[in-house]
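Visitor: Please give me a close look at the salt bridges in this structure. I would like one connected account, with some sense of where the partners sit.

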Amino acid sequence: MEIDAPVVADGPALYRITRDSGVLDVNSSYSYLLWCRDFAQTSAVARVDGEVVGFVTGFVRPDASDTIVVWQIAVDASQRGGGVAGKLLSHLLDRVVPRGVRYLETTITPDNTASIKLFSALARDRGAELVRSELFTAELFPDAHLGEDLYRIGPFAAAPAAAGGA
């Protein structure tokens, strides 16, 4: 498996994986193309034999440049249970922490035990604090949508400076 930044041509695969998950909110196909173009540096895809089998999309908060927001994370059914989601998150953090990111935020519905376990494990494995708080109540959504709790993880330690000398 290879993990790297997405390219625009990956957009349809992100849309398909999200749609086929049966649990994630499916955004427009157009939005996945934009994610792959405009947020490639804060997103990642996992590939097996050149095919996208998982992804994480994120962005740095405009009002908090030390915080990356994970928008969606999904793994193709053929790869679930193999730790792909955790590897995607670790890869993404390894890329953004050297650029000053110290916190990760994401929202999770209370019934999404898989995501709660995933992000709890990330905090534990990185030795970072996880704080959960209510963010968007169900009443705020104009459709039938559960509330979304905010999970804030961090601070993450900066990567150690490379050894070397003159």
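Guide: Arg-19 is partly exposed, because its relative accessibility is 44%. This is a predicted model, and in it Arg-19 forms a salt bridge with Asp-20, with the closest N and O atoms 2.9 Å apart. Asp-20 is also partly exposed, at 45% relative accessibility. In total, 12 salt bridges are counted.

A second pair is Glu-105 and Arg-152, whose closest N and O atoms are 2.7 Å apart. Glu-105 belongs to strand β5 and Arg-152 to strand β7, so this salt bridge ties together parts 47 residues apart in sequence. Glu-105 counts as buried because its relative accessibility is 7%, and the limit for buried is under 20%. Arg-152, at 26%, is partly exposed.

Arg-152 also has a place in the surroundings of the core: among the residues that Leu-104 touches are Arg-152, Ile-153, Leu-89 and Phe-119. Leu-104 is one of the residues with the most contacts to other members of the largest nonpolar core, which has 27 residues. Both β5 and β7 are among the elements that supply at least two residues of this core. Helix α3 gives the largest share, 7 residues.

A third salt bridge joins the side chains of Arg-124 and Asp-125, at 3.2 Å from N to O. Arg-124 is exposed, with a relative accessible area of 61%, and Asp-125 is exposed at 59%. Finally, back to the starting pair: through shared partners, salt bridges link Arg-19 and Asp-20 with Arg-16 and Asp-76 in one network.

Key. Residues numbered from 1 in each chain as written. Predicted model: local features only at pLDDT ≥ 70, side-chain atom pairs only at ≥ 80, totals over all residues. Heavy atoms only, no water. Core = buried A, V, L, I, M, F, W, Y, C linked by side-chain atoms within 4.5 Å. Buried < 20%, exposed > 50% of the residue type's maximum accessible area, 1.4 Å probe, protein only. Helix = DSSP H or I, 4+ residues; strand = E, 2+ residues; numbered from the N terminus. Contact = heavy atoms within 4.5 Å. Salt bridge = Lys/Arg side-chain N within 4 Å of Asp/Glu carboxyl O. Lists of a residue's contacts leave out its neighbours within four places in sequence.
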